[in-house]
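The exercises below ask you to read a structure step by step, with a worked solution after each task. Try each task on the displayed model before reading on.

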Amino acid sequence: MIKQKQSGELIIISGTTCAGKGSVIEKLLKRNKNLALSISYTSRPMRRGEVNGVDYVFVSREEFEKKIANGDFLEYAKVRYGEYFGTSKEEVKKLLQEGKDVILEIDVQGAQQIKEMFPETILIFIMAPSMTEVKRRIKARGKETKEQILDRFITAYREINEIPKYNYVVVNNDLDTAVKKVEAILMSEKCRVDRIEEISVENQEEFIHEFLIDKDFENIPITIDEE
Ligand code: 5GP
């Protein structure tokens with residue numbers, strides 16, 4: 001009776017540093033086979049433990065700029081320390097054609113660019129419960145210099161000011177709950193009335209006539225209210 005839009009959704013997940021968006025996305029992908037993550041390109045150096053083509057496609061700054069000139073990116077931005085990060089048009093197109101809902105894990109600048117191009121994009125912002133908790137998580141990681149950590153804090157405060165540009169905010173107090181909240185958002189989005197392409201209902205007169213002559217309903221007395 002109701003035909004809803006079948007094509008995949010674009011879902012942006014951004015978040016402050018140490019909000020745990022990587023873990024949220026990992027769990028979402030494991031639990032929802034129809035979701036796929038678009039792997040971004042970056043010019044930043046590969047970190048220990050990262051895998052080319054899995055975490056990012058790592059390219060030089062020159063290669064990245066060549067791809068910009070070729071129009072290969074849906075969006076791109078200089079995110080931190082002047083390093084480029086960008087979403088591949090080809091990759092997103094391929095995943096949407098496969099009927100997947102595509103997650104873009106990108107920063108607020110990229111989110112804005114995508115929203116302007118595709119207003120139906122679902123924008124979700126993941127937050128850590130507090131900046132004190134962020135500080136605790138950064139300390140526990142213990143990988144970065146004081147200058148790098150300071151840069152993360154400044155970026156986090158800047159990004160928090162951009163939250164009104166998103167559709168949803170999820171505070172990650174507890175990983176399972178955060179994942180369930182994102183799943184609930186996606187499920188609700190699928191039920192939106194503006195996703196309906198067509199509503200068709202049976203002809204009313206024919207439907208009622210068929211009911212009146214239906215033998216299965218023969219023994220039910222018909223009472224007519226007299227007003
Ligand atoms: P890192 O991987 O260096 O820890 O963080 C990279 C930052 O760049 C994160 O804020 C992430 O959301 C963002 N980012 C990753 N890929 C893209 C992308 O393709 N485009 C944009 N605009 N930002 C990205």
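**Exercise 1: A capped helix**

Asn-203 caps the N-terminal end of helix 8, with a side-chain oxygen lying 3.0 Å from the backbone nitrogen of Glu-205. The model used here, and in every exercise that follows, is a predicted one.

Task: decide whether helix 8 lies largely in the open or not.

Solution. Helix 8 spans residues 204–212, and the number of buried residues among its 9 is 0, so the helix lies largely in the open.

**Exercise 2: A strand between two partners**

Task: establish which strands pair with strand 8, and determine how its two faces are placed, buried or exposed.

Solution. Begin with strand 2 (residues 10–15), which runs parallel to strand 8 and is joined to it by 3 bridges; within this pairing, Ile-12 has Leu-104 as its bridge partner. Next take strand 3 (residues 35–37), which also pairs with strand 8 in the parallel sense, over 3 bridges, and here Leu-35 is partnered by Asp-101. For the faces, recall that in a regular strand the side chains alternate between the two faces of the sheet. In strand 8 (residues 101–104), Asp-101 and Ile-103 are on one side while Val-102 and Leu-104 are on the other, and as all four are buried, both faces are covered.

**Exercise 3: The two sides of helix 5**

Task: find which residues of helix 5 are buried, and state what they pack against.

Solution. In helix 5 (residues 131–141), the buried residues are Glu-133, Val-134, Arg-137 and Ile-138. Seen down the helix axis, these buried residues fall within an arc of 140°, so they line one face of helix 5. The spacing can be understood in general terms: an α-helix has 3.6 residues a turn, so residues three or four places apart point the same way. The buried residues of helix 5 pack against helix 6 (146–160), whereas the face turned away from the buried side carries the exposed residues Thr-132, Lys-139 and Ala-140. Just after helix 5, Gly-142 adopts a positive phi of about 55°.

**Exercise 4: Ser-40 and the ligand**

Task: locate Ser-40 in the fold, and describe its relation to the ligand.

Solution. Ser-40 sits in the loop between strand 3 and strand 4 (41–42), and its relative accessible area of 9% makes it buried, the cut-off being under 20%. Apart from neighbours within four places in sequence, Ser-40 is in contact with Tyr-56, Val-57, Gly-86, Thr-87 and Ile-106. Turning to the ligand, 15 residues surround it, and the closest are Ser-40, Arg-44, Tyr-56, Glu-75 and Asp-107. A polar side-chain atom of Ser-40 lies 2.7 Å from a ligand oxygen atom, while for Lys-21 a polar side-chain atom is 3.4 Å from an oxygen atom of the ligand. Thr-87 has a backbone N or O atom 3.4 Å from an oxygen atom of the ligand.

**Exercise 5: A buried valine**

Task: work out which residues Val-179 is in contact with, leaving aside its neighbours within four places in sequence.

Solution. Val-179 belongs to helix 7 (residues 175–190), and at 0% relative accessibility it counts as buried. Beyond its neighbours within four places in sequence, Val-179 is in contact with Val-24, Lys-27, Leu-28 and Arg-31. Val-179 and Ser-23, which are 156 residues apart in sequence, are 9.0 Å apart in space, C-alpha to C-alpha.

Notes. Residues are numbered from 1 along each chain as its sequence is written. This is a predicted model: local features need pLDDT of at least 70, side-chain atom pairs count only at pLDDT 80 or more; totals for chains, interfaces and linings use all residues. Side-chain values use heavy atoms; hydrogens and water are left out. Buried means under 20% relative accessible area, exposed over 50%, partly exposed in between (1.4 Å probe, protein chains only). A polar contact is a pair of N or O atoms within 3.5 Å; within protein, one must be able to donate a hydrogen and the other to accept it, and residues adjacent in sequence count only if both atoms are side-chain atoms. Two strands pair if DSSP finds at least two bridges between them. The arc is that of the directions from the helix axis to the C-beta atoms. Contact means heavy atoms within 4.5 Å. A residue is near a molecule or strand if one of its heavy atoms lies within 4 Å of it.
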